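This briefing is for a reader new to the structure shown below. It covers the domains, then the DNA.

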Amino acid sequence: MGIDSKYLYSAGAEEKSYRSGELIFAEGGQSSFYFQVIEGKVKLCNQNSDRKEFLQDIIIAGKCFGESSLFNDKEYRMDAVALEDCVILKLARINFVGMLETYPKLYEKFCSLLCERTYYQSVMLHANSLLKPADRIVGLMEYLKSTERDQEKFSFKIPFTRQQMANLTGICVETAIRTLKKMEKDAVVEIRDHKIFF
DNA sequence: CCATTAAAGTTGC
DNA sequence: GCAACTTTAATGG
């Protein structure tokens, strides 16, 4: 999760609404804001040269994005696009830094948040370096489920479409579908009412 | 509630 | 991996 929004508001964060599909920032742009989703979902992705997309992450309400380059003056390495109608808090870098200085406790929060992203990226990098599609999908699902309380088998409903899972793991939808069906047969996942349980 | 249509999922090639 | 086909979800009466 991100930072308690009351701190963001008091530091001068502003709410901004985006329509579904609207670009929030683009690859190559300069980063100068901390973003946090209040309502809706945002995708972080790269547009492939052959107009396929690679999905880096999907940011749900309460989570933040764009924070990785707040302190290094680098350009964004991905696009951020609203997946549905969104309300997003934007806080300018200078005010964000001021906020951290006013509330040193938030440094700790911010660090843990950065580390969570680093951890996610290393898990996904490893999973996606595997050759077999099934291993990539399992890697993704294991990470997603690791943040859940309930670790019972087949208790976790995958919150993504097959298309999204494919784009997160760099395989194509058809492969994802065929692989998931095989995994169902092998009792790795359960498919109930078209939804995937892991 | 049903009809329409867009989006997601499926399958053969 | 495309394209044709099927199913589900969303929208509007």
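How far does a polar side-chain atom of R162 lie from a phosphate oxygen of DNA strand B? The distance is 2.8 Å, which falls under the term polar contact (a pair of N or O atoms within 3.5 Å; within protein, one must be able to donate a hydrogen and the other to accept it, and residues adjacent in sequence count only if both atoms are side-chain atoms).

This is a predicted model, in which local features need pLDDT of at least 70 and side-chain atom pairs count only at pLDDT 80 or more, while totals for chains, interfaces and linings use all residues. Residues are numbered from 1 along each chain as its sequence is written, chains are lettered from A and ligands numbered from 1 in the order in which they are written, and side-chain values use heavy atoms, with hydrogens and water left out.

**Domains of chain A**

- Chain A is divided into domain 1 (5-110) and domain 2 (130-191), with bounds that come from an automatic or database domain assignment.
- The C-alpha centres of the two domains are 27 Å apart.
- Contact (heavy atoms within 4.5 Å) links 7 residues of domain 1 with 5 residues of domain 2.
- Between them the domains bury about 520 Å², 62% of it on carbon and sulfur atoms; buried area is the accessible area (1.4 Å probe) that two parts lose on being put together, summed over both.
- On the side of domain 1, the residues that lose the most area to domain 2 are F54, L55 and I58, together 66% of what that side buries.
- By class, the side of domain 1 that touches domain 2 has 4 nonpolar, 1 polar and 2 charged residues. Here Ala, Val, Leu, Ile, Met, Phe, Trp, Tyr, Cys and Pro count as nonpolar, Asp, Glu, Lys and Arg as charged, and the others, Gly among them, as polar.
- The rule finds 2 residue pairs in polar contact across this interface, both at pLDDT 80 or more.

**DNA strand B**

- The residues near this strand (one heavy atom within 4 Å of it) are T161, R162, Q163, E174, I177, R178, K181 and H194.
- By class they divide into 1 nonpolar, 3 polar and 4 charged.
- Of the strand B atoms within 4 Å of the protein, 52% belong to sugar or phosphate and the rest to bases.
- A polar backbone atom of Q163 is 3.4 Å from a phosphate oxygen of DNA strand B.
- The side chain of R178 has an N or O atom 2.8 Å from a base oxygen of DNA strand B.
- Two elements, α5 (162-169) and α6 (173-185), give two or more residues to the surface near DNA strand B; helices (H or I, at least four residues) are DSSP runs, numbered from the N terminus.
- The largest share of that surface, 4 residues, comes from α6.

**DNA strand C**

- C172, E174, R178, H194 and K195 surround DNA strand C.
- By class, the surface near DNA strand C has 1 nonpolar, 1 polar and 3 charged residues.
- Of the strand C atoms within 4 Å of the protein, 45% belong to sugar or phosphate and the rest to bases.
- An N or O atom in the side chain of E174 is 2.9 Å from a base nitrogen of DNA strand C.
- For R178, a side-chain N or O atom is 3.3 Å from a base oxygen of DNA strand C.
- A phosphate oxygen of DNA strand C lies 3.1 Å from a polar side-chain atom of K195.
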